[in-house]
Structures are given as structure tokens and as C-alpha cells.
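Trainee: Could you show me how to read empty space and ring contacts in a protein model? I would like to begin with the general idea and then see the case at hand.

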Amino acid sequence: MKHIAIYITLLSIYLPSYSQSNSSIVPGKVWLDNNSVAINAHGGNVIFYKKKYYWYGEHKIEGKSEAQLADGGIHCYSSKDLMNWQDEGIVLPVIYTDTTSDLAYGCILERPKVLYDRKQQLFIAHFKYYPRGTGYLKGYIGVATSKKPNGTFTFKHKFLGANSEYGSGDFAMFKNTDNNAYHLTVRKPDKTFVIGKLQDDKMLPTTNYQVAKGITARTEAPAIILHNNQYFLIGSGSTGFLPNVARAFVANALDGTFTNLGNPCIGKNPHNGIGADTTFGAQINYILKVEGKTNAYIAMFDIWQPDMPIKAYTYGYHWYLKMVYHK
Ligand code: DGJ
């Protein structure tokens, strides 16, 4: 059988520089924004819109995030070159002044993914959402929208996906070439990996979820790309914030059978000495296609520190695709 093996290594990525100071992405190092403040955007994603990249993620606040509740909301940064990021501020804030608000402090808002819907000219943020005081039993997807990439986003509603009354956990929202969006997620409570189509406006799921054939149960933090007509998915195991061994899969169609490619990581993180067997101490959150380049992707990871979340940081590894043919 033919397949592509994927290797993620800790190479620095050199890209053409524009202004500011960074001339490369240095994996494993704290990444500073245009104000020389550490980029604070965890578990998120990056989109490309009108010649700029927008990076969205969870904002952590010292002394608050230790409770593992949402505290800042969704933070956004923009960049023309992927190395130098401008702070665009918090685009979906947690509300501290109104306990009845959907985003009242005490809710959990994690792993946001923003997509742009051309038809509606709308930026749609989906995120793991647990309303204030409800705990982790039912995993909703929260939905917020904005007319502009840098917000402000307005909370619209929540839904329980995966055709389960307990909803879902970690997820990817994948916009296919036909502009349809798919919700790839670990179903609650049994942790089976399922894939479902969203409705046309991407605000709600259809009931059309299927078990993803070949994807190991308890696969969390899924990140997916379409490369040469094949879907590559990388995820983590299910150990909360603790690092575990990454796993990669490939399929010819989202409703096809995924082949397990094993651990896509090789080497060691020179900054913490942790090897590929625990994903360099990190957990994947997104795979970004570099615009204007062929076969260039950046896999983005978080090194979590739940006891000290403000010290957690997000960074890119260089991911190159190496062709290996098996007969
Ligand atoms: C599991 C996820 O994989 C982590 O990234 C994080 O969101 C934790 N859940 C939170 O408990």
C-alpha cells in the first residue's frame, strides 16, 4: 500500500521577513508579539485572509487560569510573515460583570477554531464550551461570529455535537474544498472519534456524524490538512494537559478508512530535553498551510503548564512531508 510518512522535527523555519525583528520561527522558545509580550493564544488556529494571517487562541491570565476556567477569552494576533505578530486584542472576552452572561467568568472556553465563510462573509469561531457552573459532563460547542477577522465576536449559541446528549470534546473544524465544514471530534462519553458535517451556514451540525474508521478511540487535539488529495490527521492521546505520544493517520476521504501512521515526531526538544515519545512535552493544536509555498506546513503545539498556565506557550514545529512508498 502507498502512503506518505510524516515527520515533525524541531527545525527553525526561515521565511522572508518584512518589518519587526523576528527572521525565523524558533520552536520551543517563548514567542514575543509586536509589544515584546509573550504571545498568549493557546489551543487555537490560524487563518489567512486578505494577505494576512490571523492567529486565535485561549488567553491565559496569571493567578486565574490555574483554576482551568476561561479567564481572558479568545486572543487574536495578525501577521504578514508568520514570524512577527501584532496584538489584535481579545476578540471574544470573558465577562466578569454579569454572572448571567453566556461567557460569565466560571465558564470553560477552550481550543477555539475560527473559519471564514465566504458566502456569508462571516468569521465563525467554534470552541469547546462549558457554561458557568456546569462542569465537564456535557461538552458543548460554543459559536460566536464577527464581520471582521479581528472582532469583536458576538456569542450566538451553543450546541451538543457528535449526535450525543453528552456532546463532544477536543475537535477540529475543517473547511473542505467544496466550502463545506466538518466537525472532527472525540464523542462524549465513550471517546469514539467521529466526523460530522455542519449545516451550510456552519452555525450548527447536521445529524450526519459517522465513526471515523481507523482512528484510535481517545484521540484528542485533532488537527487535519488536505494534501495531494489525502487527509492527514495528527492528534494526541487522552491525558488532559499531560504530554503523551502523538499519532498520525491518513485517508483518501473523510468517510473513508484512516491508516494509522504511528508517531509522526522524531528527535528531541533542545529546550526541555523531551523526546518524540511524549511529543517534545507538547500537544498539537493546528496544522497551518504556508501560503504561496508548495508542501510547506507548520504544525503548532502547546507546551501546557496547568499549574502555571501563563507560562505555557504555543509555537510551531517545521513539518515537512517526506514521501515513503510501501508496496
Ligand atoms: C484535553 C485537551 O486535550 C487539552 O488540550 C485540554 O483542553 C484539556 N482537555 C482540558 O482539561
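Mentor: Happy to. A strand here is a DSSP run of E of at least two residues, numbered from the N terminus, and a lining residue has an atom within 4 Å of a cavity point. Keep in mind that this is a predicted model.

Trainee: How is empty space found, and how many cavities of 30 Å³ or more are there?

Mentor: Rolling a probe the size of a water molecule over the atoms shows where empty space is left. In this model the count comes to two cavities of 30 Å³ or more. The largest has a volume of about 150 Å³, and the second largest has about 50 Å³.

Trainee: Which residues lie nearest the centre of the largest cavity?

Mentor: They are Glu 58, Lys 60, Gln 68, Leu 69 and Glu 110, out of 17 lining residues. Strands β5 (52-59) and β8 (108-117) each supply at least two residues of that lining. The largest share, three residues, comes from β8. Sorted by class, the lining has eight nonpolar, five polar and four charged residues.

Trainee: And what classes line the second largest cavity?

Mentor: Its lining has nine nonpolar residues, one polar and no charged ones. The second largest cavity has a volume of about 50 Å³. Of the 10 residues that line it, Trp 31, Trp 85, Leu 288, Ile 298 and Met 300 are the closest to its centre.

Trainee: Two tryptophans there! Which cluster of rings includes Trp 31 and Trp 85?

Mentor: Ring pairs link them with Trp 55 and Tyr 77 into a cluster.

Trainee: How do I describe a ring pair?

Mentor: A pair of aromatic rings is described by the distance of the centres and the angle of the planes. A search of the whole structure finds 16 aromatic pairs. One of them, Tyr 56 with Phe 153, is edge-to-face, at 6.1 Å centre to centre and 85° between the planes. Tyr 56 is in strand β5 and Phe 153 in the loop between β10 (140-146) and β11 (154-159), so this pair links parts of the chain 97 residues apart.

Trainee: Are those two rings buried or exposed?

Mentor: Tyr 56 is buried, with a relative accessible area of 0%, and Phe 153 is buried too, at 5%.

Trainee: Why is the pair of Tyr 96 and Tyr 105 called stacked?

Mentor: Because the planes are at 15°, with the ring centres 5.0 Å apart, and planes under 30 degrees apart count as stacked. Tyr 96 is partly exposed at 41% relative accessible area, as is Tyr 105 at 23%.

Terms used:
Residues numbered from 1 in each chain as written. Predicted model: local features only at pLDDT ≥ 70, side-chain atom pairs only at ≥ 80, totals over all residues. Heavy atoms only, no water. 1 Å grid on protein atoms, 1.4 Å probe; cavity = no way out; pocket = protein on both sides within 12 Å on 5 of 7 lines; lining within 4 Å. Points joined across faces, edges and corners; volume = space filled by probe spheres on them. Helix = DSSP H or I, 4+ residues; strand = E, 2+ residues; numbered from the N terminus. Nonpolar A, V, L, I, M, F, W, Y, C, P; charged D, E, K, R; others polar. Phe/Tyr/Trp six-rings, centres within 6.5 Å; stacked < 30°, edge-to-face > 60°. Buried < 20%, exposed > 50% of the residue type's maximum accessible area, 1.4 Å probe, protein only.
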